[in-house]
Amino acid sequence: MEAPSVKPPSWPTVVLFVLSMLLSISNGLMPPVVMLNKLSGSTNYLTTNQLWFNQTLDHFSPYDHRWFDQRYYELLDHFRSPDGPIFLRICGEYTCDGIPNDYLGVLAKKFGAAVVSLEHRYYGKSSPFISLSTENLKYLSSKQALFDLAIFRQRYQESLNLKLKRGDAENTWFVFVVQAIYNFTEFDQQIGVSAGPECKAALQETTQLVEQRLASNAKAVKTMFDAAELEIEGDFLYFLADAAVTAFQYGNPDKLCTPLVEAKNAGEDLVDAYAKFVKEYYLGSFGASVQTYNQKRLKNTAVTDQSTDRLWWFQVCTEVAFFQVAPANDSIRSSKVDTSYHLDLCKNVFGEGIYPDVDSTNIYYGGTKIAGSKIVFTNGSQDPWRHASKQTSSPDMPSYLITCHNCGHGTDLRGCPQSPLTPEGDAQNCSSPDAVHKVRQQVIEKIDLWLSECQSVGWRSSM
């Protein structure tokens with residue numbers, strides 16, 4: 001196993017002026033591997049200035065003292081020194097190229113907050129190894145990532161206290177929530193609900209026609225979608241399912257449903273219509289890649305710009321599952337995208353003995369019985385991932401649903417559509433801007449309340 005650098009760890013010289021409180025806002029859970037965060041243009045980021053932190057490789061070994069460089073970003077433009085809050089943006093399972101210019105920047109301005117964002121271990125430029133072999137990936141887990149945040153906070157606060165010449169002030173300032181789901185049938189079911197009766201029927205008929213053509217001339221039908229490289233049938237069918245998902249998940253349902261329903265009503269070839277959508281939208285403007293679904297490429301252990309797919313699948317195959325299988329009845333996706341397909345992928349890509357231990361994950365984190373407080377959960381009504389989030393409110397852990405025709409994954413921060421990015425998370429293109437504004441106001445009120453409580457007890461509340 002390749003060893004990371006072994007020089008003694010040290011704290012970066014760049015520090016924030018103050019660490020008063022850190023708040024995380026949850027807007028669902030672990031999106032699939034998509035190109036959502038591959039943004040370009042100066043207006044899409046508040047900052048892209050890279051900073052580095054020396055992170056512990058294995059938080060659970062008292063003997064392993066290796067470390068790796070972990071990337072992070074900070075935004076101090078609106079910070080109210082010395083007592084302004086600090087918002088932590090936890091970069092998920094993707095390359096973190098900066099702090100996006102979405103609604104979190106608006107909140108930072110309102111509350112006089114700094115924003116700090118830490119890249120997830122192994123992703124982007126925060127890889128401990130030059131090879132992503134299965135052996136080297138054993139340190140890639142949500143548990144290790146949770147302790148990454150703890151160490152980051154601890155070192156950050158020590159540096160802050162030294163700078164401000166104060167004692168050992170301590171703040172519990174983040175929360176990490178995971179609910180693992182083995183067979184995630186609700187994912188496909190939500191696509192059916194979001195699509196509506198007409199579009200759902202057109203999608204189901206399209207799936208049936210594709211399956212029939214695969215049986216007679218697989219190469220021809222795959223070529224129609226520019227996906228001839230997907231030799232494994234399940235990979236191709238998963239690719240087609242994901243293309244439809246993306247339209248609903250990221251606030252562009254009409255780009256899929258309008259042409260598909262029109263083709264069905266006109267008696268035109270639905271497979272042709274769907275292939276046009278996939279090539280023009282999913283592979284075109286959205287920026288997806290067929291290679292994401294190719295198990296041959298997922299076996300590549302080199303660290304590249306395309307490594308995100310292998311990394312996400314490793315977490316799927318070892319911890320959280322989220323197997324997006326077809327429900328037994330009335331499914332949108334092919335019934336061949338089943339549990340066996342996912343388990344075979346895990347074995348083929350990562351080797352024998354790799355499977356998701358969902359029960360252990362839920363026991364560790366509590367599943368839906370979260371031992372935490374002062375956490376806001378927000379979900380878009382059309383987002384299939386909302387079924388992996390907390391959807392029932394409790395006094396100290398409110399859950400808000402933003403309901404509108406194109407309210408998908410991250411509507412609270414990104415507005416509509418969710419991809420491409422709308423500067424400052426502008427909600428004017430949401431079918432119901434008022435629905436978005438209402439939930440955002442509820443979030444602001446909670447932040448106001450919790451900040452006042454923190455101030456009243458000397459910033460020692462658990463956030």
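Which residues in α4 meet which residues in α5? I began with this pair in what is a predicted model, and I found that Ala244, Ala247 and Phe248 in α4 meet Pro253, Leu256 and Cys257 in α5. Sorting the residues of this contact by class, I noted 6 nonpolar, no polar and no charged.

For the geometry of the pair, I looked up the axes of helix α4 (residues 233-249) and helix α5 (residues 253-265), which come within 6 Å and cross at roughly 120°. I therefore entered α4 as oblique to α5.

My next entry concerns helix α1 (residues 103-111) and helix α12 (residues 433-456), which pack with their axes 12 Å apart and at an angle of about 40°. That angle makes α1 oblique to α12, and I recorded the crossing in which α1 passes α12 as right-handed.

On the α1 side I listed Tyr103, Leu107, Lys110 and Phe111, and these meet Arg440, Ile444, Ile447, Asp448 and Leu451 in α12. By class, I wrote down 6 nonpolar, no polar and 3 charged residues for the contact of α1 with α12.

I closed with the confidence of the prediction, where the protein chain averages a pLDDT of 85 and 84% of the residues score at least 70. Over residues 1-41, however, I read a pLDDT below 50, although this stretch has 161 contacts in the model beyond near neighbours in sequence. I made a similar note for residues 170-178, where pLDDT stays under 50 and the model has 46 contacts beyond four places in sequence.

Note on methods
Residues numbered from 1 in each chain as written. Predicted model: local features only at pLDDT ≥ 70, side-chain atom pairs only at ≥ 80, totals over all residues. Heavy atoms only, no water. pLDDT = per-residue confidence, 0-100. Contact = heavy atoms within 4.5 Å. Axes fitted to C-alpha atoms, helices over the stretch in contact; angles between N-to-C directions. Helix = DSSP H or I, 4+ residues; strand = E, 2+ residues; numbered from the N terminus. Parallel < 35°, antiparallel > 145°, perpendicular 65-115°, else oblique. Nonpolar A, V, L, I, M, F, W, Y, C, P; charged D, E, K, R; others polar. Left-handed = near helix turned anticlockwise from the far one by under 90°.
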